[in-house]
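Me: I'd like a close look at one helix pairing in this model, and then at whatever surrounds it. Could you take me through it in one go?

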Amino acid sequence: MALTMDPGLVLDLALQLLQITIVVAIAPLVMGITRKVRARLLRRRGPPLVQPYLDLWKLFHKEAVVADNASWVYRRAPYVIFAATWVAAGLVPTYATGLLFSWSADLIAVVALLGTARFALALAGMDVGTAFGGLGASREMMIASLAEPAMLLIAFAVALIAGTTQLSAIAALFATGEVGVRVSLGLALLALVIVGIAENARIPVDNPATHLELTMVHEAMILEYSGRHLAMIEAAAQLKLVLYFSLVACLFAPFGMATADKSLAAMALGLVTWLLKIVAFAVLLPIAETTVAKMRVFRYPAFLGSAFAAAALAVFLRFVSRGF
């Protein structure tokens, strides 16, 4: 007896695969846009927009040099980092809500996946035993100890308004406009932006273009990597940037997303709208970076503490407004 598949299931699977594929496909382009805009603001020509694609292609075709004392952790960590980041980025709703895997797109699950990738990166940085690796890993864990509680409070603040931590349901609710403008949402947005800057190793927390030992965080952990291993880590870093852009768009700017209407026109509109949001965020990020200076390491707790305070205040305001 011939097996037949439900056309609706095939369409849902295709839409979900489109989302998972497009986030990884445009990630190098988003990084290229940020670098190009930053270079223009500094009155330089800058690299072409497709340079991140060329860099990844070159790294994948180079031999991976591994230290003699490196264990299996060092060799497997790049794949774990990329896989965890890709799954997290693929779960965040982009152009439509209610996709096939939307039931698993939980904000707390996304935080857990990012924590898994960070843990694997820190272990890999310490595995070889170099001074730079240990320095970067310790700083990364310090940032994580401040950023993750803030992210959880952001999730609680949004959940108190939407009644759920499922990203697809939150985006569908906020897209209707019934929630309106709330101070708690503004504070949560501020906290998410601060955490996103720290998590993506951007100025003022870190400078991805520097290799000074006194300021390195992310780069210090990957100095020993090369070839395909370095390509996987760089691709994961680009994916994380797209993830945070998509998270901001999903939670605080869900307009244009296809919610109840699953027609081709609604999906196409949602896809175009999401791409425009990502490009806008990729342009705004380097503009903001050029207006501030790299801060010293001992000021990281104050910077990320402001995100925790803003998220905690958002949760407090929600409790007060509900009469608790």
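Is the crossing in which helix 1 passes helix 3 left-handed or right-handed?

Reply: It's a predicted model, so take everything here as computed from that prediction. On your question: helix 1 goes past helix 3 in a right-handed crossing. Helix 1 covers residues 7–41 and helix 3 covers residues 72–91, and their axes come within 9 Å, crossing at roughly 125°. The two helices are therefore oblique to each other.

Now for the side chains and backbones that touch. Helix 1 brings Gln16, Gln19, Ile20, Val23 and Val24, and these meet Phe82, Trp86, Ala89, Gly90 and Leu91 of helix 3. Sort the residues of that contact by type and you get seven nonpolar, three polar and no charged.

Two other helix pairs make a useful comparison. Take helix 2 with helix 9: their axes are 7 Å apart and the packing angle is about 150°. Angles over 145 degrees count as roughly antiparallel, so that is the label helix 2 and helix 9 get. On the helix 2 side you'll find Pro52, Leu56, Leu59 and Phe60, facing Gly227, Arg228, Leu230, Ala231, Met232, Glu234, Ala235 and Gln238 from helix 9. This contact between helix 2 and helix 9 splits into eight nonpolar residues, two polar and two charged.

Then there's helix 4 with helix 5, where the axes come within 9 Å and cross at roughly 175°. That angle makes helix 4 roughly antiparallel to helix 5. From helix 4, the contact uses Leu107, Ile108, Val111, Gly115, Arg118, Ala122, Gly125 and Met126, while helix 5 answers with Gly133, Gly134, Ala137, Glu140, Met141, Ala144, Glu148, Met151, Leu152, Ala155 and Phe156. By type, the helix 4 and helix 5 contact has twelve nonpolar, four polar and three charged residues.

From the packing, on to the pockets. The largest pocket holds about 1100 Å³ of space. It is lined by 43 residues, and Met31, Arg35, Pro208, Glu219 and Glu234 are the closest to its centre. Helix 1 and helix 3 are among the elements that each supply at least two residues of this lining, as are helix 2 (51–60), helix 4 (107–127), helix 5 (131–162), helix 7 (183–199), helix 8 (218–221) and helix 9 (227–252). Helix 9 gives the largest share, eight residues. Glu234, named above for its place by the pocket centre, is one of the helix 9 residues that meet helix 2. As for character, the lining of the largest pocket comes out as 24 nonpolar, six polar and 13 charged.

The second largest pocket has a volume of about 390 Å³. Its lining counts 20 residues, with Val193, Ile197, Phe245, Phe281 and Leu285 lying nearest the centre. Two or more lining residues each come from helix 7, helix 9 and helix 10 (264–289). Here the split is 16 nonpolar, two polar and two charged.

Last, a couple of backbone details in the loops. Arg43 isn't a glycine, yet its phi is positive, at about 65°; you'll find this residue in the loop between helix 1 and helix 2. The other one to check is the peptide bond from Ile203 to Pro204, which is cis with omega near 15°. Pro204 sits in the loop between helix 7 and helix 8.

Terms used: Residues numbered from 1 in each chain as written. Predicted model: local features only at pLDDT ≥ 70, side-chain atom pairs only at ≥ 80, totals over all residues. Heavy atoms only, no water. Axes fitted to C-alpha atoms, helices over the stretch in contact; angles between N-to-C directions. Helix = DSSP H or I, 4+ residues; strand = E, 2+ residues; numbered from the N terminus. Parallel < 35°, antiparallel > 145°, perpendicular 65-115°, else oblique. Left-handed = near helix turned anticlockwise from the far one by under 90°. Contact = heavy atoms within 4.5 Å. Nonpolar A, V, L, I, M, F, W, Y, C, P; charged D, E, K, R; others polar. 1 Å grid on protein atoms, 1.4 Å probe; cavity = no way out; pocket = protein on both sides within 12 Å on 5 of 7 lines; lining within 4 Å. Points joined across faces, edges and corners; volume = space filled by probe spheres on them.
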